[in-house]
Amino acid sequence: MRNTCLDMVYELAKRDRRTIFIGSDLSPGLLAGMKREMPERYYMEGVTEANIIGMAAGLAMEGYIPYVNTIATFITRRCYEQVAIDLCLHNLPVRLIGNGGGLVYAPLGPTHLAIEDISIMRALPNMTVIAVCDAAEMKRMMECSLDWPQPIYIRLAKGGDPVVSRSELGFTIGKAIVMREARTSKPVVLMTTGIMTTNCLAAADALLADGIDTSVIHFHTVKPLDEPTVLEHAKGARLVVTVEEGTMIGGFGSAVTDLLTSKNGGSYLPNLRLGLPDVFPAKYGVQDDLLEIYGLTANQIAQTVAIALNKEKMVA
Amino acid sequence: MASRATANRIVQATPPLDERSKHLRRLIVRALDGGGRGHIGSSMSLVEIMRVLYDDVLRYRPLEPKWHERDRMILSKGHGCLALYVLLADKGFIPIEALDTFCRRDSILGGHPEAAKIPGVEASTGSLGHGLSFGLGMALAARIERRDTRVFVVMGDGEINEGSIWEAALCAGKHRLTHLTAIIDYNKVQSAGPTREIQDLEPLADKWRAFGFAVEEVDGHDVAALSSLFRRLPLASDRPSTIICHTVKGKGLPFAEHDANWHHKSKIPSELVSQMCAALE
């Protein structure tokens, strides 16, 4: 996904002279072709995140479209005020590409885990927040990114993630994709983002095997949230479940819940939220290890949903 | 401490404020009266720097503020905005009457400048330490386009406590951006007190030189000296420039000069407005 994303920056740069790449202190040889062919639009500026954001803003004020890349925690937490003031207040078309969204950097520990990137980025006015589910969708998203008028935070996954997106479903920033539509009325609806879409599709298979018909809706764009799609599918759902690889405080699930409560007059709607608890993960291992610890593997998602439905049945 | 000796030598013969400098300061007082508040000391120290930039140095078109070939001037110490506002009014970017609305609900002139609201303001500033990176990006854009636009970034001495300024200085030095000029309003008093007590910057000129800038120091209230030095830009043909302007916080108001208590005032009473006006006659 990361390679696809950066390759696309190079492709866009060939097509459009406004495209600029700015990295911090990334791999040697990264985008070597772009560096060689268009050195005035390729920058590697060292570990100066606050400066890089301001520099990107200055370029964008002059009509350029900078794609800025470094590790997700550093491009969000480290320079949050620069992102807020330089990019969002000025509403500039700068793209922030965050490596290792969510739990990807599990072996590197909590300094590198982007557990709240979605939450803090979506809190900023004018910011668009995107987490695609695989490399194929990344390519489609990048095609749309050039002319999007506002700043974008792009969360990257680990790389080599299974391709579950389908080109025939298209890609429009701000428009969710129904990846799997339940065939019965009052289904379970899994609403999710990023690579959790893959886990949710597998969870839906497992649930169907138990006779639980399930829709899966992929919100590659967390902000602006596709509100009509949320409301359309929540209406008549037996249970709405949000699933995210990030803190549940202020993240994707919060966005959906805020919408459902505000539009539903505060009345009860069956709603289950899955994501990370309010802790810094204490274990290492690999991404899947941490996903398992926090109940976000496909089987765990299916089990949690089944248990919630049983409880609902018992209450009824 | 060589730089302090340099500073003492440089400011020995500051000429008295002429009528134009007093007029611009009276406009600042007019805005302070209108808003009932403002960063007085921080604006008064900037007046001659802004005056010389807008009178003698910058290329701009007041009726076409986004003219592509203009020079870019970023007031990174956004709290000094009154000194910018009065020049923008003086040059016709904004109506002079706008000064009376300073900080009021529907005004375009807030306590810090916003690019989206005020013609002639390049970037919204207020939070410190942002401007030099903006300028770096603008200067790189000019280089890409082979455009001879010059970029000026005006910073405060308290402001350059910020680490982001030194990140930007590293990058600007690396890129050898000759058309980028950093200007320091070195009034030696930040909000909490004297800079030498709060966060000493010395040896300041040596620091900028070490980051790859050509550096000159000047009396920041000496209009002729400022004008002469700005006309010499770039100071070197292979690196960005820094001009350290030795200034006086609250300059022109004897009761406010060098006094951190005049960094910002709110609820300014009419008697104080009268006192400031009297000092500027």
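**Exercise 1. Work out which way H9(A) passes H10(A), and which residues meet there.**

Step 1: H9(A) passes H10(A) in a right-handed crossing (right-handed if the near helix is turned clockwise from the far one by less than a right angle, left-handed if anticlockwise). Helices here are DSSP runs of H or I with at least four residues, and strands are E runs of at least two, numbered from the N terminus.

Step 2: Now the angle. The axes of H9(A) (residues 227-234) and H10(A) (residues 252-263) come within 10 Å and cross at roughly 70°; axes are lines fitted to C-alpha atoms over the stretch in contact, with angles from 0 to 180 degrees between N-to-C directions. That makes H9(A) roughly perpendicular to H10(A) (65 to 115 degrees; under 35 is roughly parallel, over 145 roughly antiparallel, the rest oblique).

Step 3: On the H9(A) side, look for A:Glu227, A:Val230, A:Leu231 and A:Ala234; they meet A:Val256, A:Leu259, A:Leu260 and A:Lys263 of H10(A). Contact means C-beta atoms, placed from the backbone, within 7 Å.

Step 4: Sorted by class, that's 6 nonpolar, no polar and 2 charged residues. Nonpolar covers Ala, Val, Leu, Ile, Met, Phe, Trp, Tyr, Cys and Pro; charged covers Asp, Glu, Lys and Arg; the others, Gly among them, are polar.

Before you go on: this is a predicted model, where local features need pLDDT of at least 70 and side-chain atom pairs 80 or more, while totals for chains, interfaces and linings use all residues. Residues count from 1 along each chain as its sequence is written, and chains are lettered from A and ligands numbered from 1 in the order written.

**Exercise 2. Do the same for H2(B) and H4(B).**

Step 1: The axes of H2(B) (residues 19-35) and H4(B) (residues 47-57) come within 10 Å and cross at roughly 110°. That makes H2(B) roughly perpendicular to H4(B).

Step 2: H2(B) passes H4(B) in a right-handed crossing. H2(B) brings B:Arg20, B:Ser21, B:Leu24 and B:Arg25 to the contact, and H4(B) brings B:Val47, B:Glu48 and B:Arg51.

Step 3: The tally is 2 nonpolar, 1 polar and 4 charged.

**Exercise 3. Find the strands that pair with S3(A).**

Step 1: S1(A) (residues 19-23) and S3(A) (residues 65-71) pair in the parallel sense over 5 bridges (pairing takes at least two DSSP bridges). One bridge joins A:Ile20 to A:Pro66.

Step 2: S3(A) also pairs with S4(A) (residues 95-99), again parallel, over 5 bridges. There, A:Thr70 partners A:Gly98.

Key: Two residues are in contact if their C-beta atoms, placed from the backbone, lie within 7 Å.
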